[in-house]
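Subject: Structure for your files

Hello,

Please find the structure below, followed by what was found in it.

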Amino acid sequence: MHLRAVLLSLAIMLAALPGFSQTPLIADLSEHQIQITTGFVGTDVLLFGTVDPGSNVVVVVRGPEEQTTVWRKGRFAGIWVNDRRVVFQRVPSFYAVRSSAPLADIASETTRMRHGMGAEFLRLRAAEDAIGEATVSAFRNALIRNKERSGLFATGGDNITFLGGQLFRTRLHFPANVPTGFYDVEVFMLQEGRVVHAQTTPLIVRKAGLGADVFFFAHNYSAIYGIIAVLLAVAAGVLAAFIFRKS
């Protein structure tokens, strides 16, 4: 664990002592920045903190919002083709939920709906208004399944564990295909099914190293990048033809 996490752990342990802390919820991450390099295969970030005794904890992680298109395939002349699509706006590029107990047992449906605790309570709105509710629901479920299959929606996995009744911890996994951008890590303290305290901690996911330089150049100088890519491809083809001709 990094030095920052060790120091914060000591601070949290002191804050958990009776009569020491006036803040009901303290939480932080072992690191606030994830760097994606060429060999990045995913990583775990430790979240830990302290709450009032007898409380439950829910953690919700949201990545940058984006527009997502979901296609439905249909059979046409014996061939499967895309025949219908629905565009959803403001979809979290990454979404994860952790809880100290099953959500249905510690949070009311109103609380889960208000704070988006669970993929079924995400506010995924279709861009087109003239679509039936049944169609939107089917495409919405397909969107969630696709995100879960790619590892970008994680509603299961390691749950929050308590140490001594007040100290809690959990590991947040970010896969190799995690999108870059600014993330919000929301920590909720619940009592009797409702949120009594909340805290939001920022997390940055960014590219680093040679991959970041190539990414920046390709997106900011796309025309030049395209020309260079074509020239390299032609040069590789000419070189390959020369080598095989000699052999």
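Is E65 buried, partly exposed or exposed? E65 is partly exposed, because its relative accessible area is 48%, and buried would need a value under 20%, exposed one over 50%. Please keep in mind that this is a predicted model.

Salt bridges

The structure contains four salt bridges; three are described here. E65 takes part in one of them, with R90 as the partner and an N to O distance of 2.9 Å. Because R90 belongs to strand β6 and E65 to strand β5 (residues 65-76), this pair ties together parts 25 residues apart in sequence. R90 itself is exposed, at 59% relative accessibility.

A second bridge joins the side chains of K147 and E66, with N to O at 3.0 Å. This pair links distant parts of the chain, as K147 sits in helix α4 (residues 133-149) and E66 in strand β5, 81 residues apart. K147 counts as buried because its relative accessibility is 8%, while E66, with a relative accessible area of 32%, is partly exposed.

A further bridge is formed by R72 and D83, whose closest N and O atoms are 3.8 Å apart. R72 lies in strand β5 and D83 in strand β6, so parts that are 11 residues apart in sequence are tied together by this pair. R72 has a relative accessible area of 41% and is partly exposed; D83 is also partly exposed, at 46%. As general background, side chains of opposite charge can pair when their charged atoms come close.

The largest pocket

The largest pocket holds about 230 Å³ of space. Its lining consists of R62, E65, Q89, R90, P92, G116, F121, L122, R123, L124 and R125. Both members of the first bridge above, R90 and E65, are therefore among the lining residues. By type, the lining divides into five charged, four nonpolar and two polar residues. Strand β6 (residues 79-92) supplies the largest share of the lining, with three residues.

Backbone

Most residues other than glycine have a negative phi. What is the phi of R90? The value is near 55°, which is positive, and R90 is not a glycine. R90 is found in strand β6. E192 also has a positive phi, of about 55°, and is not a glycine either. E192 is placed in the loop between β12 (181-191) and β13 (194-207). With a relative accessible area of 82%, E192 is exposed.

Surface patch and a long-range pair

F76, I79 and V81 make a nonpolar surface patch of about 310 Å². Of these, I79 is located in strand β6 and counts as exposed, because its relative accessibility is 52%.

Where is T50 placed? T50 is in strand β3 (residues 43-51). A relative accessible area of 4% is why T50 counts as buried. T50 and R169 are 119 residues apart along the chain, and their C-alpha atoms are separated by 8.7 Å.

For a first look, R90 may be a convenient place to start: R90 lines the largest pocket, forms a salt bridge with E65 and has a positive phi near 55°.

Regards

Note on methods: Residues numbered from 1 in each chain as written. Predicted model: local features only at pLDDT ≥ 70, side-chain atom pairs only at ≥ 80, totals over all residues. Heavy atoms only, no water. 1 Å grid on protein atoms, 1.4 Å probe; cavity = no way out; pocket = protein on both sides within 12 Å on 5 of 7 lines; lining within 4 Å. Points joined across faces, edges and corners; volume = space filled by probe spheres on them. Helix = DSSP H or I, 4+ residues; strand = E, 2+ residues; numbered from the N terminus. Nonpolar A, V, L, I, M, F, W, Y, C, P; charged D, E, K, R; others polar. Patch = residues over 30% accessible without salt bridge, like charges linked within 9 Å, V, L, I, M, F, W, Y side chains within 5 Å. Areas by Shrake-Rupley, 256 points an atom, 1.4 Å probe, with all protein chains shown as cover. Buried < 20%, exposed > 50% of the residue type's maximum accessible area, 1.4 Å probe, protein only.
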